[in-house]
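Visitor: Hi! I've got a structure to look at and no idea where to begin. Can you walk me through it?

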Amino acid sequence: MNDKTEEVIGMETDIGPFETEMNRGFLQVLVLVLLEKDMYGYAMVKVMEGKKYALEENTLYPLLRRLEKKGLIESKWDITEDRPRKFYTITKNGRKVRAGLLKMWQQQNAIMNRLLKENANV
Amino acid sequence: MQMSKRLETYLEEISRYLGTGQEKQEILTEIKSHILEKAGQEYAEVTEESIEHVVEAYGSPRQVAEKYLEDSQIIAPALKGHLLRYTTILFAFHLGLIALSSILKTSMAVLPFLYIPEIDSFQTLFTIPMAFFFDLGLVGFILYFVTQSRKDIRLPWPKLTLDWQKIRERKRSKPKLFLLFLMLLGYGFLIWLYWRSGTLFFKTIDFQNPRSLLTPDASTWYSLGLLGLLGIGIAAYTIKFFSLSEWVDLLRSACQLAILGIVINRPIPNPFLDFTYLDLQIVANAVIAVVAVFISVDFLKSLVILGTKALKEKSSTPYEGFKKER
């Protein structure tokens with residue numbers, strides 16, 4: 001990566017609204033990948049925290065709701081413990097969509113890397 | 001366990017912002033479950049204090065509710081053009097009825113929405129902005145239902161001579177000294193004419209023997225009214241040498257409308273000299289009403305430009321929700 005690029009996406013630059021836009025798609029795939037095994041919201045936040053990624057809780061739940069409406073995940077309340085927890089599971093359709101999205105993401109990543117490499121040689 | 005007071009207040013506030021959606025209760029249960037889970041896991045026990053910390057980190061009730069409502073719009077962005085276009089058409093129709101009602105001195109109704117009571121000209125001036133907001137609300141209300149139906153309804157797109165986009169892009173050209181000089185020259189001539197003949201409305205163009213079209217009373221009021229309108233126009237043009245603000249135009253239109261209000265409100269029976277046996281004030285008032293409509297359109301243009309500018313300034317403020325956590 002050359003100096004010019006670093007200057008644009010460096011942490012000092014305020015990327016606020018762009019970050020929200022960029023995260024929108026990424027978080028969808030992230031949740032679908034996380035739900036390889038059944039999980040409840042708080043557990044997802046904690047898992048990602050362990051991977052040094054702050055998954056905002058007030059963003060996560062509306063996202064889970066949207067994915068459920070689209071039939072990509074399912075949920076059910078577990079009331080066997082002392083606290084009721086809502087567990088989420090990926091559906092068959094969700095798996096198909098996840099595979100497609102991951103492929104797309106990898107292709108986009110490859111294109112971006114190629115472009116950045118070309119830029120570095122300019 | 002009894003629900004924490006803080007949590008109860010927090011959920012109640014989110015509920016208020018969520019409106020009347022069917023999933024509201026489920027959403028609130030989800031949030032409550034998460035907050036209790038986090039408070040229990042991250043603090044020794046679930047207390048008012050630990051809940052306070054978790055609630056604080058979860059975000060403001062409005063911010064939380066907005067994330068659930070991101071997909072639901074009051075009016076679809078694609079219909080915003082229709083909102084302005086339909087409002088313009090309805091308002092033009094409404095304005096015409098108000099003018100007609102004021103000239104004919106009678107009340108009018110177009111069922112089921114429009115009712116214009118018998119009002120004098122001064123009241124008419126106050127009715128115009130109210131009519132605009134009523135029309136905007138009515139069109140917005142209908143488009144809200146079109147949006148909520150989520151059907152691909154094709155709405156008609158009538159062509160207009162008044163284009164909001166062009167209004168917003170109105171260029172602010174600098175005043176020219178030469179034009180101001182011409183205006184002052186013309187204005188001086190009109191004042192001289194009025195001083196010499198006592199009127200600006202002539203039946204014949206004969207300077208040796210000028211014959212007024214109007215009675216002395218009508219001549220005085222209509223001539224002074226015209227001089228007032230032109231005088232305000234020239235004053236506004238002069239101010240533009242120092243400031244090109246849209247407020248100058250807004251103020252100019254408002255003052256001119258006030259002058260027209262005063263003149264139209266003055267009872268001048270039988271204003272035409274040759275037809276003193278006929279009460280033709282209605283004709284004079286109709287002419288004044290047409291001028292008032294043109295000035296009102298200019299007044300609204302200035303309002304739209306100022307409003308758009310204010311909204312633009314508001315929306316260009318930095319995004320506040322961004323947190324540099326990562």
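Guide: Sure. One term before we start: two residues are in contact if their C-beta atoms, placed from the backbone, lie within 7 Å. Also keep in mind that this is a predicted model.

Visitor: OK. How many residues does each chain put into the contact?

Guide: Chain B brings 19 residues to the contact and chain A brings 17. On the side of chain B that touches chain A, helix H2 (24-42) and helix H4 (61-68) of chain B each supply at least two residues. H2(B) gives the most, with 9 residues.

Visitor: What kinds of residues are on that side of chain B?

Guide: A mix: 7 are nonpolar, 6 are polar and 6 are charged.

Visitor: Let's stay with H4(B). Which of its residues are buried?

Guide: B:Pro61, B:Val64, B:Ala65 and B:Tyr68. If you look down the axis of H4(B), those buried residues fall within an arc of 95°, so they line one face of the helix.

Visitor: And what covers them?

Guide: The cover for the buried residues of H4(B) includes helix H4 (57-69) of chain A, and from chain B helix H1 (5-18), H2 and helix H3 (48-58).

Visitor: Switching to chain A. What's it built from?

Guide: Chain A has 5 helices and 3 strands. Reading from the N terminus, its elements go α-α-β-α-α-β-β-α. Of its 122 residues, 17% count as buried.

Visitor: How are the strands arranged?

Guide: The 3 strands of chain A make an open sheet in the order E1-E3-E2, with antiparallel pairing. Strand E1 (39-40) and strand E2 (73-78) of chain A are the edges, each pairing on one side only. E1(A) is joined to strand E3 (residues 85-90) of chain A by 2 bridges. A:Tyr40, for instance, has A:Phe87 in E3(A) as its bridge partner.

Visitor: Which residues are buried in helix H3 of chain A?

Guide: In H3(A), residues 41-50, the buried ones are A:Gly41, A:Tyr42 and A:Val45. They cover an arc of only 100° around the axis, which puts them on the same side of H3(A). They pack against E1, H4 and E3 of chain A, along with H2 of chain B. After H3(A) comes A:Lys52, whose phi is positive, near 60°.

Visitor: What about the nonpolar core?

Guide: The largest one has 34 residues. Those with the most contacts inside it are A:Leu35, A:Leu64, A:Ile73, B:Ile35, B:Ile51 and B:Val55. Apart from that core lies another, of 24 residues, including B:Leu95 and B:Ile264.

Visitor: Why would nonpolar residues gather like that?

Guide: In soluble globular proteins, nonpolar side chains tend to be buried together.

Visitor: Back to A:Leu64. What does it touch?

Guide: Leaving out residues up to four places away in sequence, A:Leu64 touches A:Val31, A:Gly41, A:Ile73 and A:Tyr88.

Visitor: Last topic: how confident is the predictor in chain B?

Guide: Chain B has a mean pLDDT of 82, and 87% of its residues reach 70 or more. Over residues 317-326 of chain B, though, the pLDDT is below 50. Beyond near neighbours in sequence, that stretch has 8 contacts in the model. Where pLDDT is low, the predicted coordinates should not be read in detail.

Visitor: And what scores does the complex get?

Guide: The predictor gives the complex an ipTM of 0.81 and a pTM of 0.56.

Technical notes: Residues numbered from 1 in each chain as written. Chains lettered and ligands numbered in written order. Predicted model: local features only at pLDDT ≥ 70, side-chain atom pairs only at ≥ 80, totals over all residues. Helix = DSSP H or I, 4+ residues; strand = E, 2+ residues; numbered from the N terminus. Nonpolar A, V, L, I, M, F, W, Y, C, P; charged D, E, K, R; others polar. Pairing = 2+ DSSP bridges. Core = buried A, V, L, I, M, F, W, Y, C linked by C-beta atoms within 7 Å. Buried ≥ 20, exposed ≤ 12 C-beta atoms within 10 Å, placed from the backbone. pLDDT = per-residue confidence, 0-100. Arc of directions from axis to C-beta.
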